[in-house]
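Grab a pencil and have the viewer open. Below are some exercises, each with a solution worked step by step.

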Amino acid sequence: MIDIKLQHYALLALAAAALFGVSTPLAKLLLGELPPVALAGLLYLGSGLGLLTVRLLRRAGAGPPVALEAPLTRRDLPWLLGAVAAGGVIAPVLLLWGLRGADAAAASLLLNLEGVLTTLLAAVLFREAVGGRIWAASLLMAAGGALLSWQPGAGGWSTQSLAIAGACMFWGLDNNLTRKVSAGDPMTLAMIKGLAAGSINLALAFGMGLALPPAGVLAAALLLGFVAYGVSLVLFIHALRHLGSARATAHFMTAPFIGAGVAVLGLGEPLTGLFVLALLLMAAATWLVLSEQHAHVHVHEAEAHNHRHVHDAHHQHDHAGDEGPAPHAHWHRHAPLTHAHPHLPDLHHRHRH
């Protein structure tokens with residue numbers, strides 16, 4: 001049975017996956033006009049510039065008001081810089097270097113490692129509670145992705161293949177580092193990551209002799225980046241905040257299936273038996289994560305932090321009177337608390353098991 005109240009933030013991760021997944025066949029169309037490193041730079045830059053534009057418009061009073069979120073602090077900078085370096089710089093460079101000499105099918109297979117490596121890093125390095133259902137779901141998703149991208153004659157573990165696997169590891173690290181700052185404003189986080197990664201990747205592209213593409217191609221790449229990378233990442237960070245790295249990534253691994261479905265329905269690509277089998281694996285993996293039940297007596301240690309919240313059982317604190325109506329964000333303290341209830345590894349449930 002699925003606990004919708006507990007799992008409703010999973011919808012954000014699935015929506016993020018849908019936006020990113022739809023971008024894959026659309027980006028494929030743009031690859032005829034741009035080399036991969038240039039397209040990656042423009043997609044990231046479109047993400048950052050688009051979110052910056054939205055932020056400025058909302059602050060100027062155009063559109064819905066800015067949601068009150070906790071600002072970034074100096075304590076967040078090491079995690080944020082690490083996420084930008086790992087996911088926005090090192091991983092794309094490794095991927096592009098690996099793609100130069102790797103078989104395309106083998107590369108696609110290897111990219112399915114990202115979700116499993118995210119889960120492994122979450123469990124081993126970041127001490128996130130990862131149960132058997134989440135491991136099983138991650139492996140099912142990876143198997144489904146492998147089926148989607150499988151072609152006879154795929155290459156083995158060459159140096160280039162190892163570079164692509166390394167890119168997946170750094171993207172997995174990026175997911176976990178971003179989780180560490182997910183209490184902050186998701187739009188600000190996604191905007192910074194987009195602007196930084198886009199600028200660095202475009203600098204690499206220009207260093208390789210890139211000339212600016214036609215205006216129509218440029219606009220299409222930037223717009224696609226805003227929706228598929230920018231809005232998608234904002235939703236994914238919201239999911240990270242409430243679900244943790246392993247579970248949010250397990251849901252996000254539906255992106256290849258969504259992209260393949262768009263290619264079948266919208267671009268006329270053939271519907272194969274492998275796609276149907278992969279879709280069944282994806283559905284089984286999603287059900288495993290959504291139907292997870294996790295409840296036990298746990299201890300909340302005393303802590304103080306700042307994030308957007310409502311006054312639930314975990315937020316019974318004093319106010320100065322100027323915080324505004326909930327949901328709101330302000331610095332607050334948590335007294336020690338021991339209780340039992342169904343929960344996921346959100347900001348307040350990152351305890352030992």
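**Warm-up: the loop after H6**

Arginine 127 sits in the loop between H6 and helix H7 (132-149); helices here are DSSP runs of H or I with at least four residues, strands are runs of E with at least two, and both are numbered from the N terminus. A word on the source: this is a predicted model, where local features need pLDDT of at least 70 and side-chain atom pairs count only at pLDDT 80 or more, while totals for chains, interfaces and linings use all residues. Residues are numbered from 1 along each chain as its sequence is written, and side-chain values use heavy atoms, with hydrogens and water left out.

**Exercise 1.** Work out whether arginine 127 is buried or exposed, and do likewise for alanine 129.

*Solution.*
- Step 1: get the cut-offs. Buried means under 20% relative accessible area, exposed means over 50%, and partly exposed is in between (1.4 Å probe, protein chains only).
- Step 2: apply them to arginine 127. Its relative accessibility is 64%, so it counts as exposed.
- Step 3: check its backbone. Phi of arginine 127 is near 55 degrees, which is positive in a residue other than glycine.
- Step 4: turn to alanine 129, found in the loop between H6 and H7 too. With 18% relative accessibility, alanine 129 counts as buried.
- Step 5: look across the chain. Alanine 129 and serine 245 are 116 residues apart in sequence, and their C-alpha atoms are 10.0 Å apart in space.

**Exercise 2.** Compare the span of H6 with the expected one, then do the H3 span.

*Solution.*
- Step 1: the rule. The expected span of a helix is 1.5 Å times one less than its number of residues.
- Step 2: H6 (residues 113-124) has 12 residues and reaches 16 Å from first C-alpha to last, close to the expected 16 Å.
- Step 3: H3 has 24 residues and covers 35 Å from its first C-alpha to its last, close to the 34 Å expected.
- Step 4: see what comes after H3. It is followed by glycine 61, with a positive phi near 95 degrees.
- Step 5: go back to H6 for its buried residues, which are Gly115, Val116, Leu117, Thr118, Thr119, Leu121 and Ala122. When you look at spacings like these, remember that an α-helix has 3.6 residues a turn, so residues three or four places apart point the same way.

**Exercise 3.** Find how many aromatic pairs there are, and say which class the pair of phenylalanine 20 and tyrosine 229 belongs to.

*Solution.*
- Step 1: the rule. Rings of Phe, Tyr and Trp (its six-membered ring) pair if their centres lie within 6.5 Å; planes under 30 degrees apart count as stacked, over 60 as edge-to-face and the rest as tilted.
- Step 2: the count by this rule is 4 aromatic pairs.
- Step 3: phenylalanine 20 and tyrosine 229 have ring centres 5.4 Å apart and planes at 55 degrees, so the pair is tilted.
- Step 4: place that pair. Phenylalanine 20 is in helix H2 (residues 10-30) and tyrosine 229 is in helix H10 (residues 215-243), 209 residues apart, so distant parts of the chain are linked.
- Step 5: tyrosine 229 also pairs with tyrosine 44, edge-to-face, at 5.4 Å centre to centre with 85 degrees between the planes.
- Step 6: tyrosine 44 lies in helix H3 (residues 36-59) and tyrosine 229 in helix H10, so this pair ties together parts 185 residues apart in sequence.
- Step 7: check accessibility. Phenylalanine 20 is partly exposed at 28%, tyrosine 229 is partly exposed at 22%, and tyrosine 44 is buried at 16%.
- Step 8: put it together. Ring pairs link Phe20, Tyr44, Tyr229, Phe236 and Phe252 into a cluster.

**Exercise 4.** Which residue lies over the face of tryptophan 287, and which over that of tryptophan 79?

*Solution.*
- Step 1: the test. A charge sits over a ring if NZ of Lys or CZ of Arg is within 6 Å of the ring centre and within 35 degrees of the ring normal.
- Step 2: arginine 133 lies over tryptophan 287, 5.3 Å from the ring centre.
- Step 3: lysine 180 lies over tryptophan 79, 4.8 Å from the ring centre.
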